[in-house]
Amino acid sequence: QIDSIPASGDKADLLFAGRLIKDKHVDMLISSLALAKKEFPGISCFIIGEGPEKNRLLSLSKSLGLEDNLRFKGFMEYDGIIAQMKSARIFVFPSTREGFGMAALEAMAAWLPVITVEHPMNSSTELIKEGINGLICQPDPEDLCLKITSLLKNEEKLKRLSLGARDSTRGLSWESISGITAGFYREALKR
């Protein structure tokens, strides 16, 4: 289904999609964007989603002078999210609490390398092969900014990670994922 959805004409360097709650740490992305703007003044970022943190995040964005760099796109239907993923360059996923990381997996299927954060409660790090399909950073704005700018400075590396992201999702389907999950539970029950 992801392959059949055309890219949006609305392009961005960075993209986040998810519920706007504290555990997603969109504030870390916004702070990183402000740091990256010093080196890349025209950097652009879209945030897709709604949630209780939205007003605080809007205020933070304004206080950091990111009105020209950051756009909150609100809630979008699935096809719209995928179309937007296909028009971005990097998926930034700074969540510290993820059970699986479906958004990261969908981003990789849309050829987007993923930058996520190292945290014991973030299982989306299990999907990322460092330097192959994405990058893992420490949960702080400076390190996230370093990872973002390292890709924006190196088009060849960005292209390589994009191909790696897509290759990481080949052969995955709901059937294969449910089979892997069922196998995990069978092994756990044996113990």
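The following exercises, with worked solutions, concern a predicted model.

**Exercise 1.** Determine how the span of helix H1 relates to the expected value, and list which residues of H1 are buried.

*Solution.* Begin with the extent of the helix: H1 covers residues 26-37, twelve residues in total. Next, take the distance from its first C-alpha to its last, which is 16 Å. At 1.5 Å a residue the expected figure is 16 Å, and the helix comes close to this. Finally, turn to burial: Val 26, Met 28, Leu 29, Ile 30, Ser 32, Leu 33, Ala 34 and Ala 36 are the buried residues of H1.

**Exercise 2.** State how many disulfides the structure holds, and examine the surroundings of Cys 45 and Cys 137.

*Solution.* The count of disulfides is zero. Cys 45 takes part in none, its nearest cysteine sulfur being that of Cys 145, 12 Å away. For Cys 137, the closest cysteine sulfur also belongs to Cys 145, at 10 Å, which is too far for a bond, because a disulfide requires the two sulfur atoms to lie within 2.5 Å. As to accessibility, Cys 45 has a relative value of 1% and counts as buried; Cys 137, at 0%, is likewise buried.

**Exercise 3.** For His 25 and Trp 111, give the phi angle, the location and the degree of exposure.

*Solution.* Consider His 25 first. Although not a glycine, His 25 has a positive phi of about 55°. This residue lies in the loop that separates strand E1 (12-17) from H1, and its relative accessible area of 24% makes it partly exposed.

Proceed to Trp 111. Its phi is positive, near 75°, and this residue too is other than glycine. Trp 111 occupies the loop between helix H4 (102-109) and strand E5 (114-117). With a relative accessible area of 38%, Trp 111 is partly exposed.

Key
Residues numbered from 1 in each chain as written. Predicted model: local features only at pLDDT ≥ 70, side-chain atom pairs only at ≥ 80, totals over all residues. Heavy atoms only, no water. Helix = DSSP H or I, 4+ residues; strand = E, 2+ residues; numbered from the N terminus. Expected span 1.5 Å × (residues − 1). Buried < 20%, exposed > 50% of the residue type's maximum accessible area, 1.4 Å probe, protein only.
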